[in-house]
Amino acid sequence: MAKDELTVRDRKAAKLKLLILSYTKELLLQQNFSDIHVMDICKKVGISKVTFFRYFPQKEDVLLYCLRVWAFETSIKIKDKSLEGLKAVNFIFERYGELCEKYSSMILHLIKYHAVTGTVLKPISIKKAEKLLLYPKNENIKDFEVLAFDRLLEKHLLEAIFKTEITRSSDVSDMVRMLLTITYGSILVAKMKQLPVKALLKKNVSAVMETF
């Protein structure tokens with residue numbers, strides 16, 4: 001068997017992970033994540049809890065997987081649109097604002113979980129078979145790099161520096177941390193004050209970007 005050839009098991013596992021994600025997102029449109037039980041997801045997918053936890057050791061891991069898939073799809077769109085530097089960064093936040101509005105309880109639950117737990121959540125990877133299921137018409141997609149939200153920002157901020165769109169001397173890691181602070185702070189304030197999260201996020205991120 002060729003090194004890059006996918007097995008039946010690979011494809012079955014990929015299909016199951018994406019199905020779990022799909023049904024979880026469907027449930028998130030109807031109720032808060034904290035009110036969703038693993039058994040609810042299992043019934044929708046037609047699997048046992050044992051099978052669920054084989055792929056997602058904690059319920060919150062589904063949310064991390066959702067964010068990783070979102071970041072992957074965002075990367076593809078950035079490439080398709082030929083976006084670089086600050087245009088790419090602004091596009092990322094435009095999409096993130098939309099994600100927050102559509103699945104607000106998902107983001108709020110993750111913020112809460114990170115605040116109270118002593119466990120560091122490890123990202124769930126996207127494997128080759130999953131990439132091919134997401135983009136079946138693109139055989140080269142299996143080699144496309146998968147970056148998390150912060151790494152995605154870092155990549156395009158570096159482009160912005162290279163293109164001299166950012167002229168102030170600053171550490172990229174500090175920029176990313178500042179943007180993440182503004183991001184999660186905006187989400188919480190939007191919830192507390194009942195404000196549109198996408199608009200508030202865009203305003204606050206723009207204000208921070210002007211300082212770079």
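## Met39, a starting point

Met39 is partly exposed, with a relative accessible area of 34%. This residue belongs to helix H2, which covers residues 38-45. The structure is a predicted model.

How far from Met39 is Ser125 in sequence and in space? The two residues are 86 apart along the chain. Their C-alpha atoms are 23 Å apart in space.

## Helix H4

Helix H4 spans residues 60-80. It contains 21 residues. From the first C-alpha to the last, H4 reaches 31 Å. That is close to the 30 Å expected at 1.5 Å a residue.

Of the 21 residues of H4, 17 are buried, so the helix is largely enclosed by the rest of the structure. After H4 comes Ser82. The phi angle of Ser82 is positive, near 55 degrees.

## The nonpolar core

In soluble globular proteins, nonpolar side chains tend to be buried together. Here, the largest nonpolar core has 71 residues. Which residues have the most contacts inside this core? They are Ile20, Phe52, Tyr96, Met106, Ile107 and Leu157. Helix H4 gives the most to this core, with 12 residues.

Tyr96 deserves a further look. Set aside its neighbours within four places in sequence. Tyr96 is then in contact with Leu67, Trp70, Ile107 and Phe149. Its other contacts are Thr183, Tyr184, Ile187 and Leu201.

## Aromatic pairs

A pair of aromatic rings is described by the distance of the centres and the angle of the planes. How many aromatic pairs does a search of the whole structure find? The search finds nine. In one of them, the ring centres of Trp70 and Phe149 are 5.8 Å apart. Their planes meet at 75 degrees, so this pair is edge-to-face. The pair links distant parts of the chain. Trp70 sits in helix H4, while Phe149 sits in helix H8, residues 149-162. The two are 79 residues apart. Both Trp70 and Phe149 are buried.

Phe149 also pairs with Phe93. Their ring centres lie 5.9 Å apart, with planes at 75 degrees, so this pair is edge-to-face. Phe93 is in helix H5 (residues 85-102) and Phe149 is in H8, so the pair ties together parts 56 residues apart in sequence. Are these two residues buried or exposed? Phe93 is buried, with a relative accessible area of 7%. Phe149 is buried too, at 11%.

## A cluster and a charge

Aromatic residues also come together in a group. Phe52, Phe53, Phe56 and Tyr65 form one aromatic cluster. Phe52 is also among the residues with the most contacts inside the largest nonpolar core.

Another aromatic ring has a charge over it. The charged end of Lys59 sits over the ring of Phe33. Its distance from the ring centre is 4.4 Å.

## Cysteines

How many disulfides does a search of the whole structure find? The search finds zero. Why is Cys42 not bonded to Cys66? The sulfur of Cys66 is the closest cysteine sulfur to that of Cys42, but it is 17 Å away, too far for a bond. A disulfide needs the two sulfur atoms within 2.5 Å. Cys42 is buried, with a relative accessible area of 1%.

Cys100 is in no disulfide either. Its nearest cysteine sulfur is that of Cys66, 11 Å away. Cys100 is buried, with a relative accessible area of 2%.

How values were computed: Residues numbered from 1 in each chain as written. Predicted model: local features only at pLDDT ≥ 70, side-chain atom pairs only at ≥ 80, totals over all residues. Heavy atoms only, no water. Phe/Tyr/Trp six-rings, centres within 6.5 Å; stacked < 30°, edge-to-face > 60°. Helix = DSSP H or I, 4+ residues; strand = E, 2+ residues; numbered from the N terminus. Buried < 20%, exposed > 50% of the residue type's maximum accessible area, 1.4 Å probe, protein only. Lys NZ or Arg CZ within 6 Å of the ring centre and 35° of its normal. Expected span 1.5 Å × (residues − 1). Core = buried A, V, L, I, M, F, W, Y, C linked by side-chain atoms within 4.5 Å. Contact = heavy atoms within 4.5 Å.
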